[in-house]
Amino acid sequence: MNVLQWSGECWVGSFGIEGLKQLLDVLEKLLNKSQEQNDRKSQHKVIQCLRAFMNNKYGLERILEEEQSIFLLARAVDPRQPTMMTDAIKLLSAICIVGEENILENILEAITTAGELRKWARFYPIVEGLRDTSVQLKVACMQLINALVTTPDDLDLRIHLRNEFVRCGLREILPELRLIENDALDIQLKVFDEHKEEDMIELSHRLDDVRSELEYPFIVE
């Protein structure tokens with residue numbers, strides 16, 4: 001993993017598609033095995049390798065080309081393994097922020113399918129990560145929440161996603177998060193609040209327009 005991390009884009013290019021596929025195949029096999037302690041450590045090692053592989057433009061582009069990569073990262077979002085989950089969440093956030101226009105749909109689909117496999121609500125593990133004692137995990141989870149909620153151009157989808165997180169328990173957790181003294185967490189909470197306020201203002205304007213149309217309908221003579 002250290003070689004991947006420090007050797008730069010040229011080495012990652014040599015590692016290439018085949019190396020990436022092997023990493024993903026190993027991760028899939030580990031995720032499918034029983035959750036023994038050694039398997040968990042190995043899972044995290046592979047996630048760290050993927051993080052190092054993605055740490056440049058070439059690696060990120062190759063990750064986005066592999067359909068199973070996002071799904072496997074979504075499966076690695078497991079609050080029972082907070083350290084690995086932190087790294088997986090960070091990778092999903094990065095993919096969401098820098099990916100193509102349709103990447104949000106792919107990420108949401110992966111998170112949904114991973115939730116169905118575990119019989120969890122799809123956003124449950126992300127919200128549960130906010131309950132963990134690790135502040136680093138809390139920051140990562142809020143960053144992913146913000147990435148998912150703020151990416152859509154459609155107001156209705158933004159509101160829907162935000163409300164889904166709220167129904168999963170985010171409303172109860174937010175007051176506790178605000179009591180934690182951490183600059184990185186404060187930034188993510190500020191982003192969440194500001195975008196929520198902007199969406200409420202946009203929704204209010206939309207409702208005003210509808211009300212105006214009802215009160216003063218256009219009459220064709």
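Q: Where is the place of Arg80 in the chain?
A: Let's start with how elements are assigned: helices (H or I, at least four residues) and strands (E, at least two) are DSSP runs, numbered from the N terminus. In this predicted model, local features need pLDDT of at least 70 and side-chain atom pairs count only at pLDDT 80 or more, while totals for chains, interfaces and linings use all residues. Residues are numbered from 1 along each chain as its sequence is written, and side-chain values use heavy atoms, with hydrogens and water left out. Here, Arg80 sits in the loop between helix 5 (67–75) and helix 6.

Q: How many helices and strands are there in the chain?
A: The chain has eleven helices and zero strands.

Q: Is Arg80 buried or exposed, or something in between?
A: Buried means under 20% relative accessible area, exposed means over 50%, and partly exposed is in between (1.4 Å probe, protein chains only). Arg80 has a relative accessible area of 48%, so Arg80 is partly exposed.

Q: Which residues is Arg80 in contact with, leaving aside its neighbours within four places in sequence?
A: Contact means heavy atoms within 4.5 Å. By that rule, Arg80 is in contact with Arg40 and Trp120, once neighbours within four places in sequence are left aside. You can also look at the backbone: the C-alpha atoms of Arg80 and Glu128 are separated by 9.5 Å, and these residues are 48 apart along the chain.

Q: What can I read from Thr86 in helix 6?
A: Thr86 lies in helix 6 and counts as buried because its relative accessibility is 5%. Leaving aside neighbours within four places in sequence, Thr86 is in contact with Gln136, Leu137 and Ala140.

Q: What share of the contacts in the chain comes from residues 24 or more positions apart?
A: Among contacts with a separation of 6 or more, such residues account for 68%. As for burial, buried residues make up 43% of the 221 residues in the chain.

Q: How many salt bridges does the count come to?
A: The general idea is that side chains of opposite charge can pair when their charged atoms come close. A salt bridge is a side-chain nitrogen of Lys or Arg within 4 Å of a carboxyl oxygen of Asp or Glu. By this rule the count comes to twelve. One of them joins Asp39 and Lys33 (3.4 Å, N to O). Asp39 counts as buried because its relative accessibility is 6%, whereas Lys33, with a relative accessible area of 45%, is partly exposed.

Q: Where do Glu194 and Lys190 lie?
A: Both are in helix 11 (residues 183–215), four residues apart, about one turn of the helix. Their side chains meet in a salt bridge (4.0 Å, N to O). Glu194 is partly exposed at a relative accessible area of 39%, and Lys190 is exposed at 52%. Elsewhere, Arg158, Arg162, Asp199 and Glu202 are joined into one network by salt bridges that share partners.

Q: Which side chain of opposite charge is nearest to Lys138?
A: For charges, Lys and Arg count as positive and Asp and Glu as negative; His and the chain ends are not counted. For Lys138, the nearest is Glu176, 6.2 Å away; Lys138 is buried yet has no salt bridge. The place of Lys138 is in helix 9 (residues 135–150). Not counting residues up to four places away in sequence, Lys138 touches several residues, including Gly129, Asp132 and Leu185.
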